[in-house]
Amino acid sequence: MCGIVGYVGEKQALEVVVAGLRRLEYRGYDSAGVAVISEGRLEVRKKAGKLANLETLLGQDPLPQSTTGIGHTRWATHGGPTDHNAHPHVSEDGRVAVIHNGIIENFAALRAELTESGVQLSSETDTEVVAHLLARALPDVAGDLPRAMQAVCHRLEGAFTLVAMDPNDPTLVVGARRNSPLVVGLGEGENFLASDVAAFVEHTRNALELGQDQIVIVRADGVEVTDFSGNAVEAAPFSIDWDASAAEKGGYDLFMLKEIAEQPKAVADALRGRINAEHRIQLDEANLDDAVLRDITKVVVIACGTAAHAGMVAKYAIEHWTRLPVDVELASEFRYRDPIVGPDSLVIAISQSGETMDTLMALRHAKAQGARTLAICNTVGSTIPRESDAVVYTYAGPEIAVASTKAFLTQIVAAYLVGLYLAQARGTMFEDEIRGILADLADMPQKVDLVLDTVEPVRALAQEFANATSVLFLGRHVGYPVALEGALKLKELAYMHAEGFPAGELKHGPIALIEDGVPVIVVVPSPRGRAVLHDKIVSNIQEVRARGAVVIAIAEEGDESIVPFADHIIRVPETPTLMQPLVSTVPLQVFACELATVKGHDVDQPRNLAKSVTVE
Ligand code: M6R
């Protein structure tokens, strides 16, 4: 939520900052704003709506030249998406400009204190209080912005990344972080601050991770990191292993289309280097201790949204392979219900961004109970892997579209590797069984590619159902989380009522939703897997069809038994049952993307959403 960019160097700050905001717009797009320092003064422009609105404003009312600047793209929490609630916020005396990501939980008390002492607040945001507090702290610390930031951070509760500037020190940008992301880009004669490396990867691939409760003092010729008390701390350097072109559309109209098309490569990358010459799984970078893994008695997956669906898929596989019970918990519920985890539990946090606040807080809760923690994450150096005992990266490359696609497939692959690693360490499977599954996984990039080659009829179907008021998704076994994922994609992109159900549950209530013409998309299990699952779903199809539903079956090539029962059939390659989610999800992604396009929606930036949800 919210994208933040700061720059100090020799280039025109405005150009660097706006280009950075363009790459961070996926984080929030309710309003955008920039500030630069020129001739000892702050100059600010901000506008409600997408970045394009700010760019129009900057065309009409240009900013002066400057080599120091900050910028923000907002996902509104406190105060609506208006011009005056847009960041940066400036103190009454015009001395400090600040941008913020997160929620300052004690803002009401701070606001009351400021109002009582005569400050006129000009927005409804929690952020504005920080600008006034910084301005008030400066005289006590001889005008030193980093020290003022230390003093103010001690007074704030909640989650915040803050970046501030003071025209009295025009070559300085100061950042601070607690529970929200902030990374530093290290250039030659220039340095950057941003919520995500995408903002500066076109300028430098050298970066620094900031830890919890740290302040960073950024000038063109150097960067210093301290804690909130001003003690110097070492920040961990890392290099970005992808280049700016990976975060471009690369000839596609939409990031989502590009990311759907990248899935065969993403799955291959998630597997690369993880199976050794003896056909054993090696997760060297994961830091997994086999002795610890042998002692655990349960696995708990914590995640949100699409990542939780990946966890639900993995549950079927990990329980089958390891005979360990696997609970999948929505992270937002986990820590508020006194969950039973301890030193004998392996808690797996799945997150594309590595910054999702609900997942991070659940992870911290699990750690506090003594659980062993492992992150499955796409974003190298982000908070969730940094705070976990072990990490398995998904290596999907940057995912920019708000709707998750390649992250989902690679989360499943990574969770399967963890499951097989557990089975290997605990000896619950024969080595040739593991080898067989690894061979199935190795076939998946090619099979996903085949789905993409044959997915065209899905687009025509999406157009046919563009006026449907509701779409239901049914699945059984691993097809159930796929049904949930298909429904989530449709909700978030097409803004349609969509629900996923376990097919067997339908008759316990939801079947009342079926009426003439309701589209029901059914993820059909392989008839070569457990025949009973296939037979049962055929019965469920007949139940809905008898009540007027139009059935679209996602069925395996060669499954002719489904033909008499479906109105439309989308074919996917023959695949072992546990691998099916990797192929059957893809048509559902395309369906939602196409339907949203037909409706004229902004597919990459759906309304009300943000890619990285850094508030609880
Ligand atoms: O970054 P995370 O994987 O932790 O994000 C979790 C969810 O917010 C995310 O999967 C969300 O549900 C997707 N936008 C859905 O497409």
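The following paragraphs lead through a predicted model, from its open sheet to a pair of packed helices and then to selected loop residues.

The sheet is a suitable point of entry. Six strands build an open sheet, and their order across it is β5-β6-β7-β8-β12-β13. The pairing in this sheet is antiparallel. Its edges are formed by β5 and by β13, which covers residues 222-227, and each of these two strands pairs on one side only.

Within the sheet, β8 deserves a closer reading. On one side, β8 (residues 173-178) pairs with β7 (residues 158-165) in the antiparallel sense, over four bridges. Two positions illustrate the register of this pairing: Val163 lies opposite Gly175 of β8, and Ala164 lies opposite Val174 of β8. β8 also pairs with β12, again in the antiparallel sense, and here five bridges are found. In that pairing, Val173 stands opposite Val218 of β12.

How many of the residues of β8 are buried? Six of the six are buried, so the strand is largely enclosed by the rest of the structure. The burial extends to both directions in which the residues point: Val173, Gly175 and Arg177 are directed one way from β8, whereas Val174, Ala176 and Arg178 are directed the other way, and all are buried. The buried set therefore includes Arg177 and Arg178, together with Val173 and Val174, since six of the six residues of β8 fall in that class.

The discussion now turns to the helices. Two packed helices are described by the angle between their axes and the distance between the axes. Helix α3 (residues 107-116) packs with α4 at an angle of about 55 degrees, and the axes are 10 Å apart. Because an angle of that value lies outside the roughly parallel, roughly antiparallel and roughly perpendicular ranges, α3 and α4 are oblique to each other. The crossing in which α3 passes α4 is left-handed. On the α3 side, the contact is made by Phe107, Leu110, Arg111, Glu113 and Leu114, and on the α4 side by Val129, His132, Leu133 and Arg136.

Phe107 also leads to a loop residue, as it is one of the residues in contact with His78. His78 is placed in the loop between β4 (68-74) and β5 (89-90). Is His78 buried or exposed? Its relative accessible area is 19%, and His78 is therefore buried, the cut-off being under 20%. Leaving aside neighbours within four places in sequence, His78 is in contact with Ile103, Phe107, Glu124, Thr125 and Asp126. The side chain of His78 additionally makes a polar contact with that of Thr77, at 3.1 Å.

The loop between β4 and β5 also holds Pro88. The peptide bond that joins His87 to Pro88 is cis, with omega near 0 degrees.

Two further loop residues concern backbone torsion. Ala142 has a positive phi of about 55 degrees although it is not a glycine. Ala142 belongs to the loop between α4 (128-137) and α5 (145-153), and with a relative accessible area of 74% Ala142 is exposed. Asp213, likewise a residue other than glycine, has a positive phi near 55 degrees. The loop that contains Asp213 runs between β11 (206-209) and β12 (214-219). The relative accessible area of Asp213 is 24%, so Asp213 is partly exposed.

Definitions and conventions: Residues numbered from 1 in each chain as written. Predicted model: local features only at pLDDT ≥ 70, side-chain atom pairs only at ≥ 80, totals over all residues. Heavy atoms only, no water. Buried < 20%, exposed > 50% of the residue type's maximum accessible area, 1.4 Å probe, protein only. Polar contact = N/O pair within 3.5 Å; in protein donor to acceptor, adjacent residues only side chain to side chain. Contact = heavy atoms within 4.5 Å. Pairing = 2+ DSSP bridges. Axes fitted to C-alpha atoms, helices over the stretch in contact; angles between N-to-C directions. Parallel < 35°, antiparallel > 145°, perpendicular 65-115°, else oblique. Left-handed = near helix turned anticlockwise from the far one by under 90°.
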